[in-house]
Structure formats: C-alpha cells, structure tokens
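Dear colleague,

I am passing on to you the structure we spoke about, and I would be glad if you could look it over before reading my notes underneath.

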Amino acid sequence: LPRLSFEHTKSSAFKIKTQPNAYCLSTIESTLCILELLNKHNIENTKNEQLESFLKPFDKMIQYQINRAVKENGGKVRYKKPYKNEIFNLVL
C-alpha cells in the first residue's frame with residue numbers, strides 16, 4: 001500500500017485516550033501536520049486562520065469526553081500519563 005511519511009515534534013492532545021507511542025497522533029492531528037507542511041513548502045495555500053481553527057471539533061470532542069467522564073465517575077477522571085518531553089524525528 002502507498003504511504004505518506006512525515007516528521008513532526010507534536011504530541012497528541014488526547015487527554016484520556018493513550019496513543020500507542022508518544023509520536024502518534026490522531027487522524028485529524030496528522031492531517032493538520034500535513035497541511036502545515038504542505039503550506040511551509042508552498043505546495044498548499046491554506047490560510048492560517050483555517051489552520052488555527054482546524055482542531056476545534058477535536059478539542060470539543062476531548063472536552064465532551066472529559067465532561068462525561070467527570071459526570072459518570074463522581075468527579076474523578078483518570079487522565080493518561082504524559083510522555084516524557086522528547087523531540088521526535090521519526091519517519092514512518
């Protein structure tokens with residue numbers, strides 16, 4: 001299967017769900033990374049305002065998950081353990 005590889009230094013914004021590795025991102029976070037890289041290399045011309053608001057639905061979903069967890073667990077939420085602060089240069 002064809003694949004696309006890219007390098008990034010971001011961490012996933014998931015608060016409850018844990019990604020398999022620190023360098024793993026959700027699909028929407030990966031899409032934003034690609035759009036930013038395409039803009040950087042003048043292959044794409046997406047406005048900064050659009051990129052800045054790209055993750056709003058994702059952020060709202062995370063907040064919804066936290067709110068539901070708090071409501072269903074008596075105010076207690078078990079957040080994922082943060083990864084060590086590392087810079088990742090990984091080509092998949």
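Below is what was found around one helix and the segment before it.

Please bear in mind throughout that this is a predicted model.

Helix α1 covers residues 27-40, which makes 14 residues, and from its first C-alpha to its last it reaches 20 Å, close to the 20 Å expected at 1.5 Å a residue. Several of its residues are buried, namely Glu 29, Ser 30, Leu 32, Cys 33, Ile 34, Leu 35 and Asn 39, and the buried residues of α1 pack against two other helices, α2 (48-53) and α3 (56-72). Just after α1, Asn 42 takes a positive phi of about 55°.

In the segment before α1 lies Ser 26, and this residue counts as buried because its relative accessible area is 9%, where the cut-off for buried is under 20%. Leaving aside its neighbours within four places in sequence, Ser 26 is in contact with Ser 12, Phe 14, Gln 19 and Phe 58.

Two cysteines also deserve a word. Cys 33, with a relative accessible area of 4%, is buried, and Cys 24 counts as buried too, because its relative accessibility of 19% falls under the 20% cut-off. How many disulfides does a search of the whole structure find? The search finds 0 disulfides, and I would ask you to read the notes on Cys 24 and Cys 33 with that in mind.

With best regards

Notes: Residues are numbered from 1 along each chain as its sequence is written. This is a predicted model: local features need pLDDT of at least 70, side-chain atom pairs count only at pLDDT 80 or more; totals for chains, interfaces and linings use all residues. Side-chain values use heavy atoms; hydrogens and water are left out. Helices (H or I, at least four residues) and strands (E, at least two) are DSSP runs, numbered from the N terminus. The expected span of a helix is 1.5 Å times one less than its number of residues. Buried means under 20% relative accessible area, exposed over 50%, partly exposed in between (1.4 Å probe, protein chains only). Contact means heavy atoms within 4.5 Å. A disulfide is a pair of cysteine sulfur atoms within 2.5 Å.
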